[in-house]
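Let's take a walk through this one together. Keep the viewer open and turn things around as we go.

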Amino acid sequence: MYLTKHKGFHPASFNTFFDDAFVKDFFHTTNRNVPATNIKESEQKFVIELLVPGWKKSDFKLEVKEKNFVVSAEHQEEIKNEGEKYTKKEFSFQSFQRAFRLPENINTEGIKASYDNGVLVIDLPKREVVKQDLVKKIEVL
């Protein structure tokens, strides 16, 4: 998924703004348990919001890998019910991984995350990008 909008439109990719980096093809993702996501942009930062109710802060792993920001999580739960003549024990395991392509103007050192009321909020501050001249003069020896 890209944080910035793509220029142009490809008819086979209806949802180009929300393309997942781990997409097998244009219509099938590798993980169907991906939480609902909002992305907001201001002059100072991007904000990513993921809807993940019932999880704990310790379930989340956030990483910057090359030009990608990766959010992954694993959640395990054990439910045990005991009655007069029976014992029932169930395990629940959920996981997801979501990657976002970072534009070059993100200050990766200033990324912050918080989790409250089932929403994981990630602030990705912007930095000024120094543009290099595309013209380089080469001296003839």
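Is lysine 56 buried, partly exposed or exposed? Keep in mind that what you see is a predicted model, so everything below is computed from it. Lysine 56 is partly exposed, because its relative accessible area is 47%, and that value falls between the 20% cut-off for buried and the 50% cut-off for exposed. To find lysine 56, go to the loop that links β2 (45–51) and β3 (60–65). From there, look across to alanine 73: lysine 56 and alanine 73 are 17 residues apart along the chain, and their C-alpha atoms are separated by 9.6 Å.

Now zoom out. The chain has seven strands and zero helices, so if you read the elements from the N terminus on, you simply get β-β-β-β-β-β-β. The chain has 141 residues, and 28% of them count as buried. Its accessible surface comes to about 11100 Å², with 48% of that belonging to carbon and sulfur atoms. Contacts also reach across the sequence: if you take those between residues at least 6 apart, 51% join residues at least 24 apart.

Next, pick out the open sheet. Its four strands sit in the order β1-β2-β7-β6, and the pairing is antiparallel. The edges are β1 (37–41) and β6, each of which pairs on one side only. On average, neighbouring strands in this sheet are turned by 15 degrees against each other, if you ignore direction.

Let's cross the sheet strand by strand. β1 and β2 run antiparallel and are joined by five bridges, and a hairpin of three residues connects β1 to β2. One pair to click on is glutamate 41, which stands opposite phenylalanine 46 in β2. Moving on, β2 meets β7 (119–125) through seven bridges, again antiparallel. Here lysine 45 has proline 125 in β7 as its bridge partner. β2 itself is mostly covered, with five of its seven residues buried.

The last step takes you from β7 to β6 (residues 112–116), where five bridges join the antiparallel strands. Alanine 113 stands opposite isoleucine 122 in β7. The hairpin of β6 and β7 has two residues between the strands, and asparagine 117 in this hairpin takes a positive phi near 50 degrees.

What about the inside? In soluble globular proteins, nonpolar side chains tend to be buried together. In this model, the largest nonpolar core has 18 residues, and those with the most contacts inside it are Ile48, Phe60, Phe69, Phe96, Leu120, Ile122 and Leu124. At least two residues of this core come from each of β2, β4 (68–82), β5 (87–101) and β7. Leucine 120 is a handy place to look around from. Beyond its neighbours within four places in sequence, leucine 120 is in contact with ten residues you can light up in turn: Ile48, Glu49, Leu50, Val52, Phe60, Leu62, Val71, Ala113, Ser114 and Tyr115.

Polar residues can be covered too, and threonine 37 in strand β1 is one to check. Why does threonine 37 count as buried? Its relative accessibility is 14%, which is under the 20% cut-off, so threonine 37 makes it into the buried class. Its side chain reaches the backbone oxygen of proline 35 at 3.1 Å, and a polar contact of 3.0 Å joins it to the side chain of arginine 98. Leaving out residues up to four places away in sequence, threonine 37 touches Ile48, Glu49, Leu50, Arg98 and Phe100.

Strand β4 gives you two residues to set side by side: asparagine 68 and glutamate 78. Asparagine 68 counts as buried, because its relative accessibility is 17%. Not counting residues up to four places away in sequence, asparagine 68 touches Glu63, Phe100, Arg101 and Leu102. Glutamate 78, on the other hand, is partly exposed, because its relative accessible area is 48%. Glutamate 78 lies 15 residues from phenylalanine 93 in sequence, and the two are 8.9 Å apart in space, C-alpha to C-alpha.

Note on methods
Residues numbered from 1 in each chain as written. Predicted model: local features only at pLDDT ≥ 70, side-chain atom pairs only at ≥ 80, totals over all residues. Heavy atoms only, no water. Buried < 20%, exposed > 50% of the residue type's maximum accessible area, 1.4 Å probe, protein only. Core = buried A, V, L, I, M, F, W, Y, C linked by side-chain atoms within 4.5 Å. Contact = heavy atoms within 4.5 Å. Areas by Shrake-Rupley, 256 points an atom, 1.4 Å probe, with all protein chains shown as cover. Pairing = 2+ DSSP bridges. Axes fitted to C-alpha atoms, helices over the stretch in contact; angles between N-to-C directions. Polar contact = N/O pair within 3.5 Å; in protein donor to acceptor, adjacent residues only side chain to side chain.
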